[in-house]
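Colleague: Could you walk me through this model and tell me how each label in it is earned?
Modeller: Gladly; have a look first, and then ask away.

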Protein chains: 4
Amino acid sequence: MSKTFHGIIGYTITPFSADGEQLDLDALGRSIDRLIDGGVHAIAPLGSTGEGAYLSDLEWQQVAAFSLRHIAGRVPTIVSVSDLTTAGAIRRARFAQEHGADAVMVLPAAYWKLTEAEIFEHYRAIGASIKLPIMLYNNPATSGTDMSVDLILRIVREVENVTMVKESTGDIQRMHKLQLLGEGKVPFYNGCNPLALEAFVAGASGWCTAAPNLIPALNQQLYQAVQANDLNAAKAVFYRQLPLLEFILKGGLPATIKAGLGMTGLPVGEPRRPVFALDTAGQARLQQLLKQMP
Amino acid sequence: MSKTFHGIIGYTITPFSADGEQLDLDALGRSIDRLIDGGVHAIAPLGSTGEGAYLSDLEWQQVAAFSLRHIAGRVPTIVSVSDLTTAGAIRRARFAQEHGADAVMVLPAAYWKLTEAEIFEHYRAIGASIKLPIMLYNNPATSGTDMSVDLILRIVREVENVTMVKESTGDIQRMHKLQLLGEGKVPFYNGCNPLALEAFVAGASGWCTAAPNLIPALNQQLYQAVQANDLNAAKAVFYRQLPLLEFILKGGLPATIKAGLGMTGLPVGEPRRPVFALDTAGQARLQQLLKQMP
Amino acid sequence: MSKTFHGIIGYTITPFSADGEQLDLDALGRSIDRLIDGGVHAIAPLGSTGEGAYLSDLEWQQVAAFSLRHIAGRVPTIVSVSDLTTAGAIRRARFAQEHGADAVMVLPAAYWKLTEAEIFEHYRAIGASIKLPIMLYNNPATSGTDMSVDLILRIVREVENVTMVKESTGDIQRMHKLQLLGEGKVPFYNGCNPLALEAFVAGASGWCTAAPNLIPALNQQLYQAVQANDLNAAKAVFYRQLPLLEFILKGGLPATIKAGLGMTGLPVGEPRRPVFALDTAGQARLQQLLKQMP
Amino acid sequence: MSKTFHGIIGYTITPFSADGEQLDLDALGRSIDRLIDGGVHAIAPLGSTGEGAYLSDLEWQQVAAFSLRHIAGRVPTIVSVSDLTTAGAIRRARFAQEHGADAVMVLPAAYWKLTEAEIFEHYRAIGASIKLPIMLYNNPATSGTDMSVDLILRIVREVENVTMVKESTGDIQRMHKLQLLGEGKVPFYNGCNPLALEAFVAGASGWCTAAPNLIPALNQQLYQAVQANDLNAAKAVFYRQLPLLEFILKGGLPATIKAGLGMTGLPVGEPRRPVFALDTAGQARLQQLLKQMP
């Protein structure tokens, strides 16, 4: 691939109108500009934070096309194309490719628990249908499927364009295994906010996170301290942002990030039901956390 | 409601063309006739077994409308209307009502783990949008959300048309709690095949199952033995069918039921990818099991 | 073995002096007489309820010897001889044999999680050291080790005097597997009180329980209804006693049974620390439950 | 306390004679000398690795007394005094204090799952019985009891001489919480070998580990790199030793450490049954790992 992924990879939210029915693409554009102004090294639309799973096919296409057009190559873009069916994921992957994505991200979403052979074939079929690099995404909490490191590495070896791995189990030992068994050649990315420091220490190439919507400077400082081999500085800046990282994880990313954007001058609506907006107590806590952070 | 639900409630599969792309409604009609000929007391289209989660909205409507038209009131029908968004579930519930369903079934499908308040509001909103009775369905293995008995009973008490509970955790003690805390007034249904005997013994009103597609007589005999207060007979007929019940659960309901229908003269295609069809070894085992059972 | 085990198998508690330091063998004798008067078909001293794990080696021997002497063959006796070391379990098994036990019970207690080979060898070595039949006991909640049904049946096949299986996982499907894979020839016993009805329905030969210390008549009636093939009666008497069965499980068997014995005229002291005696609210609830039951 | 605990805290094994029956105190002395020669900052006898749970009371006292006499203040000593009963743990804690221990370590070992109130009272009672500092040890995998960070910090605040926390859940986020909620004032120690790097990065004061029996230089280098704020060096030396750290964890600490000591000239016997010695394949793998490491 021409563009490599590293550093802080920011998730976009998907803004809705007040009743949750309509997309608000104008607000989406402004949230993208914020992320880029905040220094993210790449952008990942339509992931978990982007409520991709809650959009109709048409809405999904509108958000994907708009995001790619608006980012316009200012930073590399990796579009989440997960779908419950293989055919649907292929359709989305091709759509992303045609509209200029630099890579796609694939979570093996499942209703029925998938076997290893089914997961492998899912990635193989998607890989065969596009030329873009694929970031394999492991997140059992949302997908219902936990891929072992052995399975992940087999997919990376055998499906040519699966070249990156995003790990969100929250178990740092998975990253150790990716580093050891992958012999340092398989770039992996952290998707679990509270592990931001440890993942970089373990060798992660990047951190996929919604946090730069709210605290871009702290996120950057953590990455820079690690790059500068300054453990004490990295630890200090990590613990400064950890309360917010834990808050957005525990409170739900769409609800907390959308609330935080609204508090900082960019109204983006609420998450789509049944997911609730952040409640009053949560808003007060978030206000307080944002005040403590630059 | 005018029609009550009890006994053996059969799931339909959703037949596809060979490439998995097209619906085969003709085969669906024949599978429905088979279920009714086999004596089921009710039919539940578009549930897990029916691959409801893998259908487009249009396909879902086609299957729902066709099923209701084809059943034509010969037995009561309960249509699964689960959707990741509350708005989507409401649309489906209204569609089912307009097309003549006797009840709807709702699983709180989730991408983001839902809070109890979000689940409650999901059921409240769906309940307020239709007049049909609702069967609340708890199945953490597929929905990612486990509802406590306390939450379930609160929903039953406070949402007027949530009148039935389907329990699929596989933990018989949940049914004990439903019976004790519901003071015997909340009808509950078993959705875990290997618990068929124990659930009836614990007081379940019915058994929601895909098994009558393959072994309707054994399913009926179990129910009748329980009705006849004949524990020894119930136990004997339960253990006769248990190997098949375990096989279809472990092998995946769409894959095993579709294979079994094909073996018995009704080709219905394969599950939609990424779910695999039953493999050769599985087919041999299924053949063997079906031969052992009438 | 000359004596077979079936029906209601009652656990003894181990009475202590007020400060928890001394054994109160006199009270133990009276509690044994109560159990026998209540109709238990066998007695199991020094199990979980008997706080066997909290006794010194000397105390363990005193309780074992006294219990066997006091029971004096009025009913068969099965002594729990579990110990963290194989050598210790063998010493206890031989002691029990020398003092007249009819069988011994062995839980594979573990500090370090045991492999299947280690568990097998543990049973083999104990089996080779005595002539008594052994009841293998699976209870991961207290032992930390969960034995699969396959492992259990391998031990039963290969260790001659392991002839009975006690299952306490709370998963009724384990009993189904024991029945199916053991081809109905391996007698199994239920050790999970709230599964009393379902276990008998699934084919359990007996129910190992502390409940006959408090509600012997209800326990007997359940067993008799099952023997009489009267499902409705069994269900009714099961639900009558279920609130108490759940209470003693949730509140801790030594604490609740000891409190209940005290309330009914037989003071037996408190559990040994760190386990607490039943608190005031628990005592009030237990009083209420006991009043509701004959 | 006069002596503080930090850095590499080495566990001793407990050597047995060939039949597993007798203690080999001479070998124990030599293993202690090795640890001190290897540079450990403190020694912890009778922990998990030391098979403390598998010793009789008399053996436990012999090992404790011998270890303290042999260490003779060359490094601080922290003696594990865990016992299933509170009375037993108090006896051991007093014994350790009388024989010169600098601190004691307490795991809330449990047969019956303990409530938070029972755990608290266990620590309170032990704390009140001695003057030494206590290291609270959380390891649900061996104790069966998982203490929340909130409970741990309450014990630290309210029991004066509980001044240190050892965390072995394997979840690095527990250490984050200890650091944040303890406001950096509660020293915590890592007990999970594969988290050695991340724990130091998260702020752990020390690493309690059996590894210095085999690879003391690598353990020291990791600690020194962290102290020198050299993240790259720490990462490099961590990944060099990680295969061995994972091997000893997965293979069982007593079995693998004892085998490794034997391979390097210090025969210490096998673990006590039912725990097996390292098998042939494991020995070959361990040989290979030790050759790769200085």
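What follows is a conversation about a predicted model, going from marked residues to the contacts between chains.

Colleague: Let's start with the record. Where does UniProt place the feature "active site"?
Modeller: According to UniProt, in an unreviewed entry, that feature sits at Tyr137(A) and Lys166(A). As with other such annotations, this one may be inferred rather than shown by experiment.

Colleague: What makes you say that they gather at one spot?
Modeller: Set the sequence against the space: Tyr137(A) and Lys166(A) span 30 residues in sequence, yet no two of their C-alpha atoms are more than 4.6 Å apart, so they gather at one spot. Tyr137(A) is in strand S5 (residues 134-138) of chain A, and Lys166(A) is in strand S6 (residues 162-167) of chain A.

Colleague: Why is Tyr137(A) called buried?
Modeller: The word applies under 20% relative accessible area. Tyr137(A) has 7% relative accessibility, so it counts as buried.

Colleague: And why does Lys166(A) count as buried?
Modeller: By the same reasoning: the cut-off is 20%, and Lys166(A) has 1% relative accessibility, so buried is the right label.

Colleague: Which residues is Tyr137(A) in contact with, leaving aside its neighbours within four places in sequence?
Modeller: With those neighbours left aside, the partners of Tyr137(A) are Ser48(A), Met105(A), Val106(A), Leu107(A), Pro108(A), Tyr123(A), Met147(A), Lys166(A) and Ser168(A). Counted in the same way, Lys166(A) touches several residues, among them Tyr11(A), Met105(A), Tyr137(A), Tyr189(A) and Cys208(A).

Colleague: What about the annotation "binding site"; which residue does it cover?
Modeller: That UniProt annotation, again from an unreviewed entry, covers Thr49(A). Thr49(A) lies in the loop between strand S2 (42-44) and helix H2 (57-71) of chain A.

Colleague: Why does Thr49(A) count as buried?
Modeller: Its relative accessibility is 1%. Buried means under 20%, so Thr49(A) meets the rule.

Colleague: What is Thr49(A) in contact with, leaving aside its neighbours within four places in sequence?
Modeller: The partners of Thr49(A) include Tyr11(A), Ala210(A) and Leu253(A), and also Trp112(B).

Colleague: Now chain B. Where is Glu51(B) found, and why does it count as buried?
Modeller: Glu51(B) is in the loop between strand S2 (42-44) and helix H2 (57-71) of chain B. Its relative accessibility is 2%, and the limit is 20%, so Glu51(B) counts as buried. Not counting residues up to four places away in sequence, Glu51(B) touches Thr14(B), Phe16(B), Pro254(B), Lys258(B), Pro271(B) and Arg272(B).

Colleague: On to the interfaces. How do you know what area chain C and chain D bury between them?
Modeller: The size of an interface is often given as the accessible area lost when the parts come together. For chain C and chain D that comes to about 2600 Å², with carbon and sulfur atoms giving 69%. The contact takes 26 residues from chain C and 26 residues from chain D.

Colleague: How many salt bridges does the rule find across the interface of chain C and chain D?
Modeller: Zero. The rule asks for a side-chain nitrogen of Lys or Arg within 4 Å of a carboxyl oxygen of Asp or Glu. Polar contacts are another matter, with twelve residue pairs between chain C and chain D, both residues at pLDDT 80 or more. On the side of chain C that touches chain D, H4(C) gives the most, with four residues. That side divides into 15 nonpolar, six polar and five charged residues.

Colleague: And what do chain D and chain A bury between them?
Modeller: About 2300 Å², 60% of it on carbon and sulfur atoms. In chain D, Asn229(D), Leu231(D) and Tyr239(D) lose the most area to chain A, together 27% of what that side buries. The rule finds zero salt bridges across this interface too, while ten residue pairs are in polar contact, both at pLDDT 80 or more. H10(D) gives the most to the side of chain D that touches chain A, with eight residues.

Colleague: Last one: how do you know that chain A and chain C do not touch?
Modeller: Contact needs heavy atoms within 4.5 Å. No contact joins chain A and chain C, and their nearest C-alpha atoms are 20 Å apart. Chain B and chain D are not joined by contact either, with their closest C-alpha atoms 20 Å apart.

Definitions and conventions: Residues numbered from 1 in each chain as written. Chains lettered and ligands numbered in written order. Predicted model: local features only at pLDDT ≥ 70, side-chain atom pairs only at ≥ 80, totals over all residues. Heavy atoms only, no water. Buried area = accessible area lost by both parts, 1.4 Å probe. Polar contact = N/O pair within 3.5 Å; in protein donor to acceptor, adjacent residues only side chain to side chain. Helix = DSSP H or I, 4+ residues; strand = E, 2+ residues; numbered from the N terminus. Nonpolar A, V, L, I, M, F, W, Y, C, P; charged D, E, K, R; others polar. Buried < 20%, exposed > 50% of the residue type's maximum accessible area, 1.4 Å probe, protein only.
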